[in-house]
Amino acid sequence: MSYIVKCFDCGREVKDGLLDSCPTCSGLLTVEMDLSPLAGKKLKDLRKAPMGVWRYAPFLPVDQNKAVSLLEGGTPLYHCKNLGEKLGMKELRVKYEGANPTGSFKDRGMTVGVSRAVELGCKVVGCASTGNTSASLAAYAAKAGLGCVVLLPSGKVALGKLAQAMFYGAKVISIDGNFDEALDIVRRLAKEGHLYLLNSINPFRPEGQKTVAFEILDQLDLQVPDRIVLPVGNAANIWAVYKALTEFRDLGWIDKMPRLVGVQASGSNPIFKAFEEGKHDFKPVEHPETVATAIRIGNPASGRKALKAIYDTDGVAVEVTDEEILVGQKLLGRTEGIGVEPASAASIAGVIKLRQSGEIASDDQVVCICTGNLLKDPDTVIKNSGEILKSKATMEAVKRLISN
Ligand code: F0G
């Protein structure tokens, strides 16, 4: 396991482990793994280890033996035949990240990120979050015995996520502003040495998040799907998926790349807009809004990485309305029994849209990454799931209701 941290923009190596951007050009950081120990090896050599993030340890820049782990990853890949039939698709699959220890894909990045914090000797970790990152960081910080500070946009974090961050003992600070403002503050706190930053601009986080793509390919026995579809918020996860695919390709384990589809909510859509204009950089959206609060982000920190991931795979960015997101969420639940939060349902809504426009063909093999669990956001679920029937406590009254 050897690697360098380098600048995504100017390519220079960056040696100071506490920086969140390039000291020369302020660019984004990324990890470059030395994969030469894997030369001549095959995926099946890794399969002796159980499914999960740490099966892919040779691709990860921290020592597995010292990892802070809650046994993350190893999530189901469902073949959604019922929903596929409704959409006229044979090969629609959902990678269900809601099955992770804290109920979202963030645990994959956090096991690596918090392990890195421990390796660096940091005592306090922190992040800004729309909810899931804070829930995950709080849990892994508790496991590692570290202090934890999370900054959340006031009134815009789903109840389950807030409950988790409080429950695991983080110092929860509600900011009178949005995620982008909270991220700006926490980055400055990190720069002044108050905490170790574990947002996804920390290049160790996407390294863990790569494993969702490794697992999809592992579960498909290296049959490369035509498309992988995922929601885009702060925009690191689509980069992580891209990076994973390039690593398997560079080892010769796969011979083609799936086309990546980045889905944004139409009220928080800077990456979609940039893609529409063929640009490699984006203009921030000033007042982001969406029912999918997890991706209510106007100025995605890793936005340029996301655009590269999309262009390099001949992919697309799409936007979906809140209504389309809620339709996708309900349809997945009621045809497949899979419950996901609104941001995750954006990927389903994206597939519906691209299928209707003909961009996705009926025989395309498509994998949707559904990033978070239904129970993260119970308020939205209850609001959109119809009425509860009220009854007197008698057989007759109940019978009348069920026969109606
Ligand atoms: N889906 C869910 C459920 C999320 O929580 C997030 C991001 C995303 C998708 C988008 O991933 O940011 O890598 O593009 N949530 C962050 C948070 C911002 O603070 O929990 P991304």
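Cavities, pocket and ligand in a predicted model

A search of this whole predicted structure turns up two cavities of 30 Å³ or more.

Q: What makes a space in this structure a cavity and not a pocket?
A: A cavity is a set of points where a 1.4 Å probe fits but cannot get out, whereas a pocket is an open set. The largest cavity holds about 310 Å³ of space. Its lining counts 25 residues, and Phe105, Lys106, Gly233, Asn234 and Ala294 are the closest to its centre.

Q: Which elements give two or more residues to the lining of the largest cavity?
A: They are H4, helix H7 (204-209) and H9. H9 gives the most, with three residues. By class the lining divides into eleven nonpolar, eleven polar and three charged residues.

Q: Where does the ligand sit?
A: The ligand is in the largest cavity. The term requires that more than half of a molecule's atoms lie within 2 Å of the grid points, so the ligand, being assigned to the largest cavity, meets that condition.

Q: Why is the pairing of the ligand with threonine 130 called a polar contact?
A: An oxygen atom of the ligand lies 2.8 Å from a polar backbone atom of threonine 130. The cut-off for a pair of N or O atoms is 3.5 Å, so the pair at 2.8 Å qualifies. A polar backbone atom of glycine 233 is likewise 2.8 Å from a ligand oxygen, and for asparagine 132 the 2.8 Å distance runs to an N or O atom in the side chain. The protein buries 98% of the 470 Å² that the ligand exposes when taken alone.

Q: What makes a residue part of the shell around the ligand?
A: One of its heavy atoms must lie within 4 Å of the ligand. The shell has 20 residues, with Ser129, Gly233, Asn234, Ala235 and Thr371 the closest. Helix H4 (132-144) and helix H9 (236-250) each supply at least two of the shell residues. The shell comprises nine nonpolar, nine polar and two charged residues.

Q: Which residues line the second largest cavity?
A: Glu91, Arg93, Leu220, Pro225, Gln365, Val366 and Val367 line this space, whose volume is about 30 Å³. Strand E4 (91-96) and strand E12 (365-370) each give two or more residues to the lining, and E12 gives the most, with three.

Q: What volume does the largest pocket have?
A: The volume is about 500 Å³. Of its 30 lining residues, Asp16, Gly17, Leu18, Leu19 and Asp20 are the closest to the centre. The lining has 17 nonpolar, five polar and eight charged residues.

Technical notes. Residues are numbered from 1 along each chain as its sequence is written. This is a predicted model: local features need pLDDT of at least 70, side-chain atom pairs count only at pLDDT 80 or more; totals for chains, interfaces and linings use all residues. Side-chain values use heavy atoms; hydrogens and water are left out. A polar contact is a pair of N or O atoms within 3.5 Å; within protein, one must be able to donate a hydrogen and the other to accept it, and residues adjacent in sequence count only if both atoms are side-chain atoms. Accessible areas come from the Shrake-Rupley method with a 1.4 Å probe; for residues, only the protein chains shown count as cover. On a 1 Å grid over the protein atoms alone, a cavity is a set of points where a 1.4 Å probe fits but cannot get out, and a pocket is an open set with protein on both sides within 12 Å along at least five of seven lines; lining residues have an atom within 4 Å of a point. Helices (H or I, at least four residues) and strands (E, at least two) are DSSP runs, numbered from the N terminus. Ala, Val, Leu, Ile, Met, Phe, Trp, Tyr, Cys and Pro count as nonpolar, Asp, Glu, Lys and Arg as charged, and the others, Gly among them, as polar. Grid points are joined across faces, edges and corners, and a volume is the space filled by probe spheres set on the points.
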